[in-house]
Amino acid sequence: MGPSLDHMTELQKSIVSYYDNTWLEYRVLWINNKDRALHFGYYETFKESHSAALEKLNLVMAHKAAITADDLVLDAGCGQGGSALWLAKHIGASVTGITLVPHQMAVAVREAKKRALDDKAIFLVNDYCATQFPDQSFSVIWACESLCHAPSKNSFYTEAFRLLKPGGRIVVAEYIRHQRNLIPEDEAILNHWCSGWSMPDLDTWSEHRDHMNTIGFVDVNASDITDHIAPSLHRLFKISKSLLYLGKFLNFTKIRNNVKHNNQLASLSQYEALTKKLWYYCIYTATKPIAHS
C-alpha cells in the first residue's frame, strides 16, 4: 500500500484532491466506458473519433517501447486503469497500475474484474517515486501524462531505474517546456495551468534527458507528437471555453468549488500556452543497460 493521507506531502494531498474533485467532470466530458482514458488522444488520419484517438495513443506508446505479452509493465500513475487494461487486453502483458488516488484504484480494480482482466492487471495505491516493489521487478515502466505531477522528475527516473530489469525500458508521454526563464507573462500562463492541474512544474527536454543520462539510461529517444495530439487539446479547449460562463456562475454561487473551477481555467491556460509555443507534447523512451556497473 502507498502512503496514508496523514503521511502524504502537501503536493500529494493536492493531487488526490484534484482527482477526487474533478472525476465527475472528466467522466461526463472525456472518459468513456470503453477505454477509461484520462489522457489525450493521438490522431493519425485526423478523422478518428475521440475514443479511437484515445486508444491510438496507447498503441503508439506500446509500439515505441516494443511491449509484448512477455513484459511485466508498471503503469506509473495509472488513473482509472485505461492504459493498463488496454495493454492487458490487446497485447497480453501483465500490468501493475499504481496511483495515489484511492478512488481511481477502486475504479480500475472494478473495471479489471468486469472485463475478466484481473489475472493480467492489478492496481494499487502507491507513489511512483517511492514504491515498495523489489529491485528489477518490471521490464517496462509506462508513464502517460503522469510524470508532470512528480515534485522531482529525477526521483521518478531514479526509482524507475531501480525497478527495471536489465534491458528494461521506460516509455513516457508528457508535456515538455520549450525553455526555462520565460518572460514573466509567459511563466504566469504556464504556472496557472500547472497549479490548476496540481502539477508543480514542467521540465525542459534537456532537463529530462540529463536526468536519464546521469542515472544511467541509454538509447534515449524522443518524438515531438504535438501535431498528432493537437485535435485532442483543441477539443478540451472548446469544451472548457463553451462552459466558461456556466462555470463562473456555479463557482460564484458556491455550487462548484475552486478545485473544479480552477481545473477548467487551467485547461484554457494550457491551450494558450500551447499556441504561444511554451510547451510541446512528447513521447520518449530509454533503456536500462543490460550490463550496468
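**Exercise 1. The lining of the largest pocket**

Task: State how the residues lining the largest pocket divide into nonpolar, polar and charged, then say which elements supply them.

Solution.
Step 1. The lining divides into 24 nonpolar, 13 polar and 4 charged residues. The structure is a predicted model.
Step 2. The pocket to which this lining belongs has a volume of about 630 Å³. Elements giving two or more residues to its lining are α1 (10-29), α3 (82-91), β2 (94-99) and β4 (138-144).
Step 3. Helix α1 gives the largest share, 6 residues.
Step 4. In total, 41 residues line the largest pocket. Nearest its centre lie Y19, G77, E145, S146 and H149.

**Exercise 2. A residue by the pocket centre**

Task: Decide whether H149 is buried or exposed, and list what H149 touches.

Solution.
Step 1. Locate the residue: H149 is in the loop between β4 and α5.
Step 2. The relative accessibility of H149 is 9%. Buried means under 20%, so H149 counts as buried.
Step 3. Leaving aside neighbours within four places in sequence, the contacts of H149 are L11, I15, Y19, Y128, W197, S198, M199 and P200.
Step 4. One of these residues, Y19, also makes a polar contact with H149, side chain to side chain, at 2.9 Å. Both Y19 and H149 are among the residues nearest the centre of the largest pocket.

**Exercise 3. The second largest pocket**

Task: Describe the second largest pocket by its volume, its lining and the elements that contribute to that lining.

Solution.
Step 1. The volume is about 420 Å³.
Step 2. The second largest pocket is lined by 21 residues, and E25, L29, L243, R256 and Q264 lie nearest its centre.
Step 3. Two or more lining residues come from each of α1, α8 (226-242), α9 (244-252) and α10 (258-275).
Step 4. With 8 residues, α1 provides the largest share here. Helix α1 also provides the largest share of the lining of the largest pocket.
Step 5. By residue type, the lining of the second largest pocket has 11 nonpolar, 6 polar and 4 charged residues.

**Exercise 4. The cavity**

Task: Find how many cavities of 30 Å³ or more the whole structure holds, and name the residues that line the largest cavity.

Solution.
Step 1. The search finds 1 such cavity.
Step 2. The space in the largest cavity is about 30 Å³. Its lining consists of Y19, W23, Y26, L38, Q80, H103 and Q104.
Step 3. Helices α1 and α4 (102-114) are the elements that give two or more residues to this lining. The largest share, 3 residues, comes from α1.
Step 4. Sorted by type, the lining has 4 nonpolar residues, 3 polar and no charged.
Step 5. Y19 appears in this cavity lining, and Y19 is also among the residues nearest the centre of the largest pocket.

**Exercise 5. The cores and helix α5**

Task: Name the residues with the most contacts inside the largest nonpolar core, then list the buried residues of helix α5 and what covers them.

Solution.
Step 1. The largest nonpolar core has 66 residues, and Y175, W197 and W279 have the most contacts inside it.
Step 2. Take Y175. Beyond four places in sequence, Y175 is in contact with F40, E145, C148, W193, W197, M199, L202, Q270, W279, Y280 and Y281.
Step 3. There is also a second, separate core of 28 residues, which includes A76, I176, W205 and I215.
Step 4. In helix α5 (residues 153-163), the buried residues are K153, F156, Y157, E159, A160, F161 and L163.
Step 5. Their cover includes β1 (72-76), β4, β5 (164-177), α7 (205-215) and β7 (279-287).

**Exercise 6. Three single residues**

Task: Classify L250 by its accessibility, and find where A116 and A66 lie.

Solution.
Step 1. L250 lies in helix α9. At 23% relative accessibility, L250 counts as partly exposed.
Step 2. Not counting residues up to four places away, L250 touches I255 and R256. R256 is among the residues nearest the centre of the second largest pocket.
Step 3. Between the C-alpha atoms of L250 and Q136, which are 114 residues apart along the chain, the separation is 49 Å.
Step 4. A116 sits in the loop between α4 and β3 (121-125). Its relative accessibility is 55%, so A116 counts as exposed. Although A116 is not a glycine, its phi is positive, about 55°.
Step 5. A66 is in the loop between α2 (50-64) and β1. Phi of A66 is also positive, near 50°.

Terms used. Residues are numbered from 1 along each chain as its sequence is written. This is a predicted model: local features need pLDDT of at least 70, side-chain atom pairs count only at pLDDT 80 or more; totals for chains, interfaces and linings use all residues. Side-chain values use heavy atoms; hydrogens and water are left out. On a 1 Å grid over the protein atoms alone, a cavity is a set of points where a 1.4 Å probe fits but cannot get out, and a pocket is an open set with protein on both sides within 12 Å along at least five of seven lines; lining residues have an atom within 4 Å of a point. Grid points are joined across faces, edges and corners, and a volume is the space filled by probe spheres set on the points. Helices (H or I, at least four residues) and strands (E, at least two) are DSSP runs, numbered from the N terminus. Ala, Val, Leu, Ile, Met, Phe, Trp, Tyr, Cys and Pro count as nonpolar, Asp, Glu, Lys and Arg as charged, and the others, Gly among them, as polar. A nonpolar core is a set of buried Ala, Val, Leu, Ile, Met, Phe, Trp, Tyr and Cys residues joined through side-chain atoms within 4.5 Å. Buried means under 20% relative accessible area, exposed over 50%, partly exposed in between (1.4 Å probe, protein chains only). Contact means heavy atoms within 4.5 Å. A polar contact is a pair of N or O atoms within 3.5 Å; within protein, one must be able to donate a hydrogen and the other to accept it, and residues adjacent in sequence count only if both atoms are side-chain atoms.
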